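User: I should like to learn how to read strands, burial and helix crossings from a model. Please give the general idea each time, and then the case at hand.

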Amino acid sequence: MRFIFDRNTWQEIYGSISKNKVRTVITVVGVLWGIFIYIALSGAAKGMDNGFESMFESIARNSMFVWGQNTSMPNEGYKTGRQMQLKLDDVVMIENRIPEVEFIAPRNVRGFFGSPPANIGRKNKTGSYSLFGDYPAFTKIAPKKIYDGGRFINDEDIDQARKVAVIGERTQKELFDKDENPIGGYFKIDNVYFQVVGVHKYDPSGGFGGDGDIFIPFSTFRKLYNTGDNVGWFSIAAYDNVDVIKVEENIKNLLKNIHHVHPDDDRAFGSFNLGEQFNKIVGFADGITFLSLIVGIATILAGVIGIGNILLISVKERTKELGVRRALGATPAEVRNQIVLESVFLTVIAGIMGIILGALALAGISSATQDIDFPYTNPTVPIPYVIGALAIMVVLGTLIGLIPAQRAVSIKPIDALREE
């Protein structure tokens, strides 16, 4: 290894490169371009992955929503077009029959899906807001950020059908004075007094809804609007590492059986599988990362082969010089190491430049996408991946350098000295 730190070794490498500057630069650009493509595309894919990770942060990634629609096929004496109505008893059946379900939350709402909003009033202030009837399990599926001092609906609220509510930021601003603490305060929902127990922070990525939404216990909602055991829809979260598409299918098949729907009727119950969509997005990002790896390696390999060709030409042009060195006592190992080191040097220089340019490109992309209305965050490439790519380049540079190195070693001193 002593020859690596020998000044004469690096002088000879510099001299060899200087003789073919244009050719060397073009070849180095080939390797540089390969690592640049890998860094840029992998980082861009990671930015998309991070963006969707952030977007789904406020809701379970393996969640789904199921609701009732109209039947499209007759069954067991029931006619086509029957309106399906989900019931609270369905929850127990799903929990008992489908073990892959981790959480299930029945939900009702006023102000969505064609229903009128709730009329809200406090002192001389009034307004119309969306009102949700929920169970505490809902926050296991779509966590709600509650401001300090407050809370969400709990089990005691459900059991006792308490008249308590969690209001939104906009609701607080429109119903309460600026410096007034809303916690413990009262307001009316359709002429019934409710006490505020929490204020939720609006998260635009948490599904449909807004900053004025109000949440009350499901049991209280049922009494207030006389909905009985009817449920608007189910929010469901499956366990990790289960097939969310299969879970969705099993849930709908069970509901068909409970509500006497034909097994082939696919319109009776609607659903939206957020887990399936998330997996598609992750798969797309992984595909881009894999594509960048293939394109990057192919481009790097082409560039490294170009370096090998440059060195073969260099060896041919330096035949007489190499012959003189051999005649003066240079060993085959010294000649071989010289050529291999030159190959590795060019490869590493090109790789480092490509990494720097790739990092600058990702910094530019990050700056340009900060304020766009698209889930894209922090495009980066993990340091181990970068180090791994550089290590692969060193290995390729070493292997490709052995070809011209062996060609140089095979030159006989007497033949080289005859070269004109």
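User: In strand 9 (residues 186–189), which side chains point to one face and are buried, and which point to the other and are not?

Analyst: Strands (E, at least two residues) and helices (H or I, at least four) are DSSP runs, numbered from the N terminus. Buried means under 20% relative accessible area, exposed over 50%, and partly exposed in between, with a 1.4 Å probe and protein chains only. In strand 9 the side chains alternate: F187 and I189 are buried on one face, whereas Y186 and K188 point to the other and are not buried. This is a predicted model, in which local features need pLDDT of at least 70 and side-chain atom pairs count only at pLDDT 80 or more, while totals for chains, interfaces and linings use all residues. Residues are numbered from 1 along each chain as its sequence is written, and side-chain values use heavy atoms, with hydrogens and water left out.

User: Which strand pairs with strand 9 over four bridges?

Analyst: Two strands pair if DSSP finds at least two bridges between them. Strand 10 (residues 192–201) is antiparallel to strand 9 over four bridges, and Q195 in strand 10 is the bridge partner of Y186. Their hairpin has two residues between the strands, and D190 takes a positive phi near 50 degrees there. Strand 4 (residues 118–122) also pairs with strand 9 in the antiparallel sense, over two bridges, with G121 opposite K188.

User: Why is strand 3 (residues 101–110) largely enclosed by the rest of the structure?

Analyst: Strand 3 is largely enclosed because seven of its ten residues are buried. It pairs in the antiparallel sense with strand 13 (residues 233–238) over six bridges, A105 being the bridge partner of S235. With strand 6 (residues 131–134), strand 3 forms an antiparallel pairing over three bridges.

User: Is R107 buried or exposed?

Analyst: R107 lies in strand 3 and counts as buried, at 5% relative accessibility. Its side chain makes a polar contact with the side chain of D134 at 2.6 Å; such a contact is a pair of N or O atoms within 3.5 Å, where within protein one must be able to donate a hydrogen and the other to accept it, and residues adjacent in sequence count only if both atoms are side-chain atoms.

User: At what angle do the axes of helix 3 (residues 88–97) and helix 8 (residues 244–258) cross?

Analyst: Axes are lines fitted to C-alpha atoms, for helices over the stretch in contact, and angles run from 0 to 180 degrees between N-to-C directions. These two axes come within 11 Å and cross at roughly 130 degrees. Helix 3 is therefore oblique to helix 8; angles under 35 degrees count as roughly parallel, over 145 as roughly antiparallel, 65 to 115 as roughly perpendicular and the rest as oblique.
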